[in-house]
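User: Hey, I've got a structure open and want to talk through its charged pairs. Can you help me out?
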Amino acid sequence: MNPKVDFYFTKNTRWQQEIRQLRNVLLGCGLNEQLKWGVPCYTYPIDLAGKKNETNIVLIHVFKEYCALLFFKGALLQEAAGILVQQTENVQAARQVRFTGLKEVAELTPTLKAYVFEAIEVEKRGMKVDMKSGSESVFPQEFTEKLAANKALKVAFELLTPGRQRGYNLFFSAPKQTKTRTARIDKCIPAILEGKGLND
């Protein structure tokens, strides 16, 4: 367990029992625990060209209606159990497993472990999701309106790498409410204008 992540599991929120159990499941699979994007992220050291690289496997996140595991390359997993969810139509690689109770976590624990080990194998084999380019992605209306109204922003965004464009698209598209999407976009505009990605 990483002490830097402990705060996430001690907050007084609805899904604390469920995410604590999910934490135990993931740590029991030999993953390393880190704090990324403000949430617990679980990585595995993959040997790339003789150098160990901590590769993102899965993260825990919480929503009002459910808590979830997000597999970074869930689209490549064999979906035998039928539990992986594509969060929005714009999400290409990642897939969620959603939970609304502790019983679900307990019942799915063997399946979750199998998915984690398969996700590790996906990384070891260097498998990649066939991603659409940034220009093919469907962006939320709030963002396309900002691009249309701000030429400098449009140029700066088009100069970003496809990966950075996808990162922003995922971040902007996730919320269900227009107000939240707009707030995220407004917060990120300065970074886009500086040529930075979401996590730079």
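Analyst: Sure. Let's start in helix H2, where Glu121 and Lys124 sit three residues apart, so about one helical turn separates them. Keep in mind that this is a predicted model.

User: Okay, and what do the side chains of Glu121 and Lys124 form?
Analyst: They meet in a salt bridge, with 3.7 Å from N to O.

User: Are those two buried or exposed?
Analyst: In between, really. Glu121 is partly exposed at 35% relative accessible area, and Lys124 is partly exposed too, at 47%.

User: What does Lys103 pair up with?
Analyst: Lys103 makes a salt bridge with Glu107, and their closest N and O atoms are 4.0 Å apart. Both belong to helix H2, which covers residues 102-124, and because they are four residues apart, about one helical turn lies between them. Lys103 is exposed, with 61% relative accessible area, and Glu107 is exposed as well, at 53%.

User: Switching topic: how many salt bridges are there in the whole structure?
Analyst: A search of the whole structure turns up nine. One of them joins the side chains of Asp6 and Arg23, at 2.7 Å from N to O. That pair links distant parts of the chain: Asp6 is in the segment before helix H1 (16-27), while Arg23 is in helix H1, 17 residues away.

User: And is Arg23 buried or exposed?
Analyst: Arg23 has a relative accessible area of 7%, so it counts as buried. Its partner Asp6 is partly exposed, at 31%.

User: Which residues are in a network with Arg23?
Analyst: Asp6 and Glu33: salt bridges link these two and Arg23 into a network.

Conventions:
Residues are numbered from 1 along each chain as its sequence is written. This is a predicted model: local features need pLDDT of at least 70, side-chain atom pairs count only at pLDDT 80 or more; totals for chains, interfaces and linings use all residues. Side-chain values use heavy atoms; hydrogens and water are left out. Helices (H or I, at least four residues) and strands (E, at least two) are DSSP runs, numbered from the N terminus. Buried means under 20% relative accessible area, exposed over 50%, partly exposed in between (1.4 Å probe, protein chains only).
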